[in-house]
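Thanks for asking me to look this over. Here are my notes on the charged side chains, point by point.

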Amino acid sequence: MNRSRKLALTNWTKANDALNLYFEGNKSKLAVDTAMSRTTITAFFKREPVREAQFRKLCLALKLNWQEVSTIQTLTPQPENETDPLQQVREHCRQKILSLHSRMRLLSGEEIRVDQLYVDVWVLNRSPRTFQVSQDKLLQTFDLRNDRLGLGDRIRRSPGLEVANTNPKLLILGKPGAGKTTFLKLLAVNWCMGRFQSDLIAVFIELRRIPNGQRKLLDTIRQELGLETLEQTEMLLKQGNLLVLMDGLDEVPTNELRRKVQEQIQEITGKYADSRWILTCRTQVIEPLPVGFTSVEVSDFSQEQGQQFVQNWFQASGQSDAQVLLQQWKKFDSAVSRNPALKELMVTPVLLSLMCLVFHDEGEMPFQVTELYKRGIRLLLKKWNDAKAIEAWEIGSETYRQLSVDQKETLLSKIAAHKFEHPENFVLFQQNDIATQIAEFLHLANPKEGVAVLKAMEAQHGLLIERADELWSFSHITFQEHFTVQWLTQLPSEQLAEKIVSSQWHRVVEQLVRSQQPADLLLRRIKQSIDQSISGEPAFSQFLTWVLQKVSSMHIQNNDKPAALRAFYFAHTLNLDLGLAHALNLTFDYLLDYLHTLDLDSKFQHKLKQLKDHLPDNSWEDREIFWQWWQINGNQWTAQLRQVMTQNQNIGHDWQFNEQQQQQLQRYYDANHFLVKLMQIEGAASQEVRAEIEDSLLLPWEELQRRYPETYGNS
């Protein structure tokens, strides 16, 4: 009897890691290096016995300790009747899980072992039955910032493995990219290693791969077990021998098939309650879910988990030295810690992976979130993963493949902005609408070809995903915001200015500014478009020049509010509200004190004092008291101030603007007011840009050219 060795189950993953590290995952290269047949290499990785001499040689090539990773076998197989049938099934399932589900792919295309990650979950206080919502009500319960439905309060954060051990029926929810599938695969691998429900037999079912409505879930379980009859499968279920892991209920491709699968899940989990069942689903649910399950939500990464993910990411990308990995993490963490906005991204695996991708490719972390998305998304768009090509969508894949990165960005920007132009529902996309857009952009024959391209886009980079049957969105709302900002900043000035004064765009632009902090590029572009919107009117230039001269000619001590005073004269002359002046912190007390400093006659001074005496004491220290007074007396007080100013400040002459010009100046004023409100959002603008914009508010075009020639030109 010849002595042989077999790769130990617990070291199968280590051997595959070595194959990836030293031979690029290519078994043929290993065969050439060791001068062995491909059959021997395949047997080694299938954990079949090979001669001890060959086993030692393979371990040497893979830099493995052959004694530690092997078990002694013989080349003479045991009689079949001496093998435990249950053990055979368990071994079959173990090998299948390790082969298909022990690794996960990163955004970079590299692979990482799922057991290198650790997942926590939030236990929820609500039954899955209450998650049912119709498509038209989906937005009403959608938490935009956290990308989740109203799932109920989070009771506590618990270790995922602990929760899975405690609950025989578990529903794992989570937003896209949160790690649901990773968690399920982690449980499966832990079972393989004897760390989770080791007395059961685990099967891993990807629900999206069920090909049609004729396939029964029970038959799918039978096939995964490698059994011949349904009776054998039902016996194992009835005896409570199975751990059934079902991934991606929401990814079942059609409503009809999803309904059939759900009905079967409900029936089979109720009938065979002694076995254990774990199901994953995105939080964007539009169908009823099976009852009787404990529902948990995959939690965001903690600081420690984020660090482990980053180090594992770099290790998967080829770095193996522990000290170097720690140094890379410290450099990464130092770059992120300087920017709270970047730090917020570290809690979501998909966004953290984007950060790792940029940091690994460029050796540094952009300071601004906008720059991170710009660089990271361009890196993603440059990549094409042929392994992700979707069968039956070859035409769409080839069409999309031929686009340049700039064309891909333009297409995604148009798709994103189209939805933001409809604020009542800017998150979810009907497939036909988005396919029509794609077909028009690429000049395709019909929307069906647009669907093919859409499927290819999902397969390549996952920036667009199908949340439910023919219902799409960007995989993370910040991606959509990024592309919408790109679209806005590239609009002609006139079109951008029109959107800035449109009330339906205000909420959208505010959201974009909050998401892109600091939004210097967008704010500067808005400012330029507002200025250019009236640059061609000589009458407007004359009026703004007069406003500038009116303020500049006053010799005032400590005049630190020239823009606010320009806003006052602008609004006062055209009989507009003083909202912009007040937004620039021009209080009535300051204004009246300013007017008192002017070299004017005593009669005017006396009238100003009377007006000031009518204001409530400490009016700006208690806003509520002031505004109560203002609602009653504000119009009359303003009219009196206007009359005094007209009589004494040479602001009463008629500029003879026609109705169209009046409306244009009103839009210009309102747009500047909105711009100032945007800058007041915390973190919206850097100190430099804020000062630059405020300094240049309400200036005539010629003055802007003189002060800022690089921005406005001097010709």
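1. Let's begin with R375 and E364, whose side chains form a salt bridge with an N to O distance of 3.8 Å. Please keep in mind that this is a predicted model. R375 sits in helix α15 (residues 369-382), while E364 belongs to the loop between α14 (349-362) and α15. The two residues are 11 apart in sequence.

2. How exposed are these two partners? R375 is partly exposed, at 23% relative accessible area, and E364 is also partly exposed, at 44%. Both values fall between the 20% limit for buried and the 50% limit for exposed, so each residue is placed in the middle class.

3. R375 and E364 also belong to a network of salt bridges that includes E362 and E371.

4. Next, have a look at R5 and E52, which form a salt bridge with their closest N and O atoms 3.1 Å apart. Because R5 lies in strand β1 (residues 3-7) and E52 in helix α4 (residues 52-61), the pair ties together parts that are 47 residues apart in sequence. R5 counts as buried at 9% relative accessibility, and E52 counts as buried at 15%.

5. Another pair worth finding on your screen is E224 and K96, joined by a salt bridge at 3.5 Å, N to O. This pair links helix α8 (residues 217-225), which holds E224, to helix α5 (residues 85-101), which holds K96, across 128 residues. K96 counts as partly exposed, with 28% relative accessibility.

6. For the overall tally, a search of the whole structure finds 18 salt bridges.

Technical notes. Residues numbered from 1 in each chain as written. Predicted model: local features only at pLDDT ≥ 70, side-chain atom pairs only at ≥ 80, totals over all residues. Heavy atoms only, no water. Salt bridge = Lys/Arg side-chain N within 4 Å of Asp/Glu carboxyl O. Helix = DSSP H or I, 4+ residues; strand = E, 2+ residues; numbered from the N terminus. Buried < 20%, exposed > 50% of the residue type's maximum accessible area, 1.4 Å probe, protein only.
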